[in-house]
Amino acid sequence: MDRSLFIGLVHRAKSILGSIEDLAHLSHEKFIDREFGEAFYKKLTSDIEKIDLLMNGFLNFIKSTTPIIKKDTVNTLIEEVLRKHQARLEERKTRILKRFEKELPETIVPDEQVTFILDTVLKYAMASIPSGGIIEFLTKSFVPLKAMGQERAKNIEITVTFSYQKPGEQLTKELGSPLPQKEIGLDMLLQLVYVIVQENQGTMEYESDERKEKRSIALKFPTDRRKAAKYQPVDA
């Protein structure tokens, strides 16, 4: 039987138990024999609590043993990071553009590290652009030239493009070359991102277009050839 059906049945049973407990609470003081009514109420609610505990344990068992195949994780994490900074983006009237590839393959990079990378790059962009500026996120998959002909040898790319206030910076493609010394705090944050990218077999490119007054940061990672899965968190 489908586990989702079991979960639905458990939630239905818990709802019925809740109704019984509410009814018991409303009626226990209306017994002619008040002492019996109070004892009946305590016994009933105690049994309901035990059954509810058992059902919660069953639900947690289902959650912890039912894998959920991950999909579109990178796109989802971008949305989560944007929501985290939504108030600040709205305050500065920042426009967000998104061009996401649907069903983007999974990457080998752990979700927590992807989140740190995205969060840091977004903070860098927010600190660089003027009020009313634009930040664009693009995701896509591609096959590197060196991997042509190899089955499932895709990479994914996350590109963040944004306007900036102070034109005139030199073009810097590889982060291995030092960035301008101004805004050194922000540059050090990007260096931390670069370390994580390298540790996960990825590449990071930084470009600055003086004419268009735009910067872009392109992150490329190998995809995970396995079917990645996750599990729902259990209730405490």
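User: To start with one residue, what is the relative accessible area of Tyr124, and does that value make the residue buried or exposed?

Analyst: The general idea is that a residue counts as buried under 20% relative accessible area and as exposed over 50%. In this structure, which is a predicted model, Tyr124 has a relative accessible area of 3% and is therefore buried. Phe162, at 1% relative accessibility, is likewise counted as buried.

User: How should I read aromatic pairs, and how many of them does a search of the whole structure find?

Analyst: A pair of aromatic rings is described by the distance of the centres and the angle of the planes. Here, a search of the whole structure finds five aromatic pairs. One of them joins Phe31 and Phe40, whose ring centres are 5.7 Å apart and whose planes stand at 45° to each other, which makes this pair tilted. Phe31 is partly exposed at 28% relative accessibility, and Phe40, at 39%, is also counted as partly exposed. The pair of Tyr124 and Phe162 is edge-to-face, with 6.0 Å from centre to centre and 75° between the planes.

User: Which parts of the structure does the pair of Tyr124 and Phe162 tie together?

Analyst: Tyr124 belongs to helix H5, whereas Phe162 belongs to strand E4 (residues 155-163), so the pair ties together parts that lie 38 residues apart in sequence.

User: Which residues do ring pairs link into a cluster?

Analyst: The cluster consists of Phe31, Phe36 and Phe40, which are linked by ring pairs.

User: Turning to helix packing, at what angle do H3 and H5 pack, and how far apart are their axes?

Analyst: In reading such a packing, the angle between the two axes gives the orientation, and angles that are neither roughly parallel, roughly antiparallel nor roughly perpendicular count as oblique. Helix H3 (residues 73-84) and helix H5 (residues 111-128) pack at about 45°, with 10 Å between their axes, and the two helices are therefore oblique to each other. The crossing in which H3 passes H5 is right-handed. On the H3 side, the contact is made by Thr73, Val74, Leu77, Ile78, Val81, Leu82 and Lys84, and on the H5 side by Asp111, Val114, Thr115, Leu118, Asp119 and Leu122. By character, the residues of this contact comprise eight nonpolar, two polar and three charged.

User: How far apart are Glu80 and Thr115, in sequence and in space?

Analyst: The C-alpha atoms of Glu80 and Thr115 are 8.6 Å apart in space, while the two residues are 35 residues apart in sequence. Glu80 lies in helix H3, and with a relative accessible area of 39% it is partly exposed.

User: What is the phi of Lys93, and where does this residue lie?

Analyst: Most residues other than glycine have a negative phi. Lys93 has a positive phi near 55°, and this residue lies in the loop between helix H4 (86-91) and strand E2 (95-99). At 61% relative accessibility, Lys93 counts as exposed. Glu103 also has a positive phi, near 55°; Glu103 is found in the loop between E2 and H5 and is exposed, with a relative accessible area of 71%.

User: Finally, which residues does Asn155 touch, if those up to four places away in sequence are not counted?

Analyst: Asn155 is found in strand E4 and is buried, with a relative accessible area of 17%. With residues up to four places away in sequence left out, Asn155 touches Lys140, Ser141, Phe142, Pro144, Phe221, Pro222 and Thr223.

Technical notes:
Residues are numbered from 1 along each chain as its sequence is written. This is a predicted model: local features need pLDDT of at least 70, side-chain atom pairs count only at pLDDT 80 or more; totals for chains, interfaces and linings use all residues. Side-chain values use heavy atoms; hydrogens and water are left out. Axes are lines fitted to C-alpha atoms, for helices over the stretch in contact, and angles run from 0 to 180 degrees between N-to-C directions. Helices (H or I, at least four residues) and strands (E, at least two) are DSSP runs, numbered from the N terminus. Angles under 35 degrees count as roughly parallel, over 145 as roughly antiparallel, 65 to 115 as roughly perpendicular and the rest as oblique. A crossing is left-handed if the near helix is turned anticlockwise from the far one by less than a right angle, and right-handed if clockwise. Contact means heavy atoms within 4.5 Å. Ala, Val, Leu, Ile, Met, Phe, Trp, Tyr, Cys and Pro count as nonpolar, Asp, Glu, Lys and Arg as charged, and the others, Gly among them, as polar. Rings of Phe, Tyr and Trp (its six-membered ring) pair if their centres lie within 6.5 Å; planes under 30 degrees apart count as stacked, over 60 as edge-to-face and the rest as tilted. Buried means under 20% relative accessible area, exposed over 50%, partly exposed in between (1.4 Å probe, protein chains only).
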